Amino acid sequence: MSAVVTPTPSLPERRKEVAPDSAEVAALREAILRRLTYSVGKTPASASEHDWYLAVVYATRDRIVEPWMASTSAAYVHGPKRVYYLSLEFLIGRLLFDALTNLGLTDAMRTATRGLGVDLDRLRTLEPDAALGNGGLGRLAACFMESMATLAIAAHGYGIRYDHGLFRQSLKDGWQQEYPEDWLALGNPWEFKRPEVSYEIGFGGAVEEQTSSDGVVRHVWKPGEYVNAIAYDTPITGWRGQHVNTLRLWSARASEPLLLDAFNAGDYVGAQSGKVRAEAISSVLYPSDETPAGQELRLRQEYFFVSSSLQDLVRRHIKQYQDLRSLSEHVAIQLNDTHPAISVAELMRLLFDVHGLSWEEAWRITRATVSYTNHTLLPEALESWAVPLLERLLPRHMQIIYLINALHLDGLRKAGHTDPDFVSSVSVIDEHAGRRVRMGHLAFIGSHKVNGVSALHTGLLKQTVFRDFDALYPDRIVNETNGITFRRWLFEANPGLTRLLADVAGDAIYDDPAALTRLEAYAGDPALHDALAEIKRQNKVALARIILDRCRVKVDPDALFDVQIKRVHEYKRQLLNILETIALYDAMRAHPHAEWVPTVKIFAGKAAASYHNAKLIIKLANDVGRVVNSDPTLRGLLKVVYLPNYNVSLAESIIPAADLSEQISTAGMEASGTGNMKLALNGALTIGTLDGANVEIREKVGDDNIFIFGLTAEQVEERRRHGIDMQQTIAASAILPEILDAIGSGAFSPDDPSRYLGLVDILRHHDHFMVCADFDAYCARQRDVAHRWKNRAAWWKSSALNTARMGWFSSDRAIRGYAEDIWQVPTTAA
């Protein structure tokens, strides 16, 4: 009996684009002209492009303010539980098209500006990316803020208004150069300065004991220095503009900006030293911590934004409810990674010292209110601070931490946990490394829930860094896999694909990511493949123009675009990709008549300013690109480009154009990743290890639609236990020895033949990140990628299925998980 074959349904006809409402267009045009006149102070005849940009932003912002005020008022009237999201980074990117997309005004605004002789897409490029983050941590925070607004959760984001952000990256002769970001040079039309919202933040000084008339001893902190925190508010619009939340960022100001006596005495620089010292707090994201001064500045930053945020939310709670004893019933505080961990001690100080609650009650409230997201297993990200630094900079907090830890350890001993090694492992104070405060431990002890950000990562948290804590508190660690906002990363970044998906799967995709699964029924349809390929090619043509403009390299939009875009770190293994690129280059030269797949290797990402090896990897990628791109024997079959200054806006151009997504981190080291989700949503196929959310992506898209390779997390640990010298592994590879010899001998660095000897030595003898161990498997999977690319029907079917099956990775789903499992707040589709 023959099997019944279900026929593929016919692809729905593409719908014509509907012109925007003429009344809406006229209203927007009038609003732009009004704002140009009364807010910018220009006439249409005299207005510059930037003037028009400001007028359009102000006209758009006006549409946001009313629902913003309504959302704020509703939170006071109806009293929902508020969520406060504390993050050192918010990588929000450009906001104009984000707001227009969520308000449903993009087409109407484009028509309105066209009628004024202005190109909206040109204005879009004038907006600087807000320099408020570095990578995935900050972008996740931005996605979460947008999803909380979409789900009508009364939420505030709290962070720092960095004057210069991380840094602006340029490449000089292939070397990363760092320059200050100037994103605020022309002002920020999206923000509202709140000079009336200001808090004094103390540092240093001493703690005094004071005894009240009833004999109660209180400890009073007398700071030796104060810095003022000034609030700047940015409205964050949810989908369809029905709910708007607030991102409140703090800027540091000196309490005494000018020492007039010193100024009048001619010491003009010294007179402003206090101003410079204070404002350094909000000047740069992640200042180098290689010096004692840099370490102190980082701690000052973290405490500055934590204290101002907690003072602000406590003020708001008292205003609404009068009694701090109900704080945990109405407030949820989420710590986004370990940077805000000092919140535990600061909230205890506010409740116990400032507002007079008992220690026991303050501790109960703190733990019931605070929760902590861990984003990494890397030791450098699980912050610790030297006890002497904390004692000098935050003396009262150090006392509070000592008491928290003492009571914690006393409780363990009473429960029968007396093994010294076990007790030491869960102590907040690390006595083995020069006495340091483990901030991850403090965050864990002071939280009622601790979450990982992918199933694999959460499991590893329980098995490694928090193993003993998990034994003590088996219900505290939960998983909330990361997600991305489809409004930004599909609707806004890839409007052509969005329109196709709406035509095929229906308009439900705009409100329900699960509706994307309707695309599956057409995944094998050649007509769908043609439509997907045409949209992808348009996006690749646009990216090719950017590459030509910024890298001076001409690339073929019909080639396979192989993309690795992320922060540069040895565990993310850009080096593995470079080695395979060299292998492909050598093979193409050795076999010029083989049927090679034309390929463009696209890299982008910043290395930390003090991370020497990461910066050397960037240089190597550029050196390899210089050699490959200038080799006429390749006939353009392979190109290598490194796009400088990777940010959200550049990602919005690269991701819709990507064919292959490189997610090749050492298994067990990437907490989740979100770039993997964005790329798969836009139809790129993933080549990756079983690391982070790759595990869950494979479960959703299916083994046939993803290229998995390499050691598992368990195998990596097993390999490390047996040593990380890779000489035998290298010798067993048919091609790796020749590649390493070429790099080490200066084949790609004739101006400095010994430039990469150190990198090669690490790979041969100290390969902690298993680059050599995974090399052959990675190369083999890259050949599988090439084979799939040659089969057009198979490639585009896999691409369609990736997009169709990515609905689960929406940040709306992730936020619902936080709301139900951690915060206990209701959500509503806004």
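Me: Two strands pair if DSSP finds at least two bridges between them. With that in mind for this predicted model, which residue in β14 is the bridge partner of Ile429?

Reply: Happy to start there. β13 and β14 (residues 436-438) meet that rule, with two bridges in the antiparallel sense. Ile429 belongs to β13, which spans 429-430. Its bridge partner in β14 is Val437.

Me: What is the order of the open sheet of three strands?

Reply: Start from the outside: β12 (384-386) and β13 (429-430) are edge strands, and each pairs on one side only. The pairing in this sheet is antiparallel. With β14 between those two edges, the order reads β12-β14-β13.

Me: Where does Arg435 lie, and what is its relative accessible area?

Reply: This residue has a positive phi of about 55° although it is not a glycine. Arg435 sits in the loop between β13 and β14. It is partly exposed, because buried would need under 20% and exposed over 50%, and its relative accessible area is 34%.

Me: Is Asn645, which also has a positive phi near 55°, buried or exposed?

Reply: Asn645 is a residue other than glycine, and its place is in the loop between β19 and α24 (648-654). Its relative accessible area is 16%. The cut-off for burial is under 20%, so Asn645 counts as buried.

Me: Which strands stand at the edges of the sheet with parallel pairing, each with a single partner strand?

Reply: This open sheet has six strands in the order β19-β18-β17-β20-β21-β22. The strands at the two ends of that order have one side left without a neighbour in the sheet. These edge strands are β19 (638-643) and β22 (707-708).

Me: Which residue in β20 is the bridge partner of Val563?

Reply: Val563 is in β17 (residues 560-565), which six bridges join to the parallel strand β18 (residues 599-604). On that side, Val563 stands opposite Ile602 in β18. β17 also pairs with β20 in the parallel sense, over two bridges. There, the partner of Val563 is Ser661.

Me: Which residue in β21 is the bridge partner of Glu662?

Reply: Glu662 lies in β20 (residues 660-663), a strand with both faces covered: Leu660 and Glu662 are buried on one side, Ser661 and Gln663 on the other. β20 and β21 (residues 685-688) pair in the parallel sense over four bridges. In β21, the partner of Glu662 is Ile687.

Me: How many residues apart in sequence are the parts that the pair of Tyr372 and Phe466 ties together?

Reply: The rings lie 6.4 Å centre to centre with 75° between the planes, which makes the pair edge-to-face. Both Tyr372 and Phe466 are buried. Tyr372 is in strand β11 (residues 370-373) and Phe466 in the loop between α17 (455-463) and α18 (467-472), so the distance along the sequence is 94 residues.

Me: What kind of pair do the rings of Phe444 and Tyr473 form?

Reply: Phe444 comes from helix α16 (residues 439-445), and Tyr473 from the loop between α18 and β16 (477-479). Phe444 is buried at 0% relative accessible area, while Tyr473 is partly exposed at 21%. The ring centres are 6.3 Å apart and the planes meet at 40°, so the pair is tilted.

Me: How far from the ring centre of Trp808 is the charged end of Arg813?

Reply: There are two charge-over-ring cases to look at here. In one, the charged end of Lys540 sits over the ring of Phe561, 4.7 Å from its centre. In the other, the charged end of Arg813 sits over the ring of Trp808, and the distance to its centre is 3.9 Å.

Me: What is the relative accessible area of Arg316?

Reply: Arg316 lies in helix α9 (residues 292-321). Beyond its neighbours within four places in sequence, its contacts are Tyr76, Arg82, Tyr84, His156, Tyr158 and Arg248. Arg316 is buried, and its relative accessible area is 4%.

Me: How are α3 and α4 oriented to each other?

Reply: Phe97, Leu100 and Thr101 in α3 meet Thr106, Met109 and Arg110 in α4. The axes of α3 (residues 96-103) and α4 (residues 106-115) come within 7 Å and cross at roughly 120°. The two helices are therefore oblique.

Technical notes: Residues numbered from 1 in each chain as written. Predicted model: local features only at pLDDT ≥ 70, side-chain atom pairs only at ≥ 80, totals over all residues. Heavy atoms only, no water. Phe/Tyr/Trp six-rings, centres within 6.5 Å; stacked < 30°, edge-to-face > 60°. Buried < 20%, exposed > 50% of the residue type's maximum accessible area, 1.4 Å probe, protein only. Lys NZ or Arg CZ within 6 Å of the ring centre and 35° of its normal. Contact = heavy atoms within 4.5 Å. Axes fitted to C-alpha atoms, helices over the stretch in contact; angles between N-to-C directions. Parallel < 35°, antiparallel > 145°, perpendicular 65-115°, else oblique.
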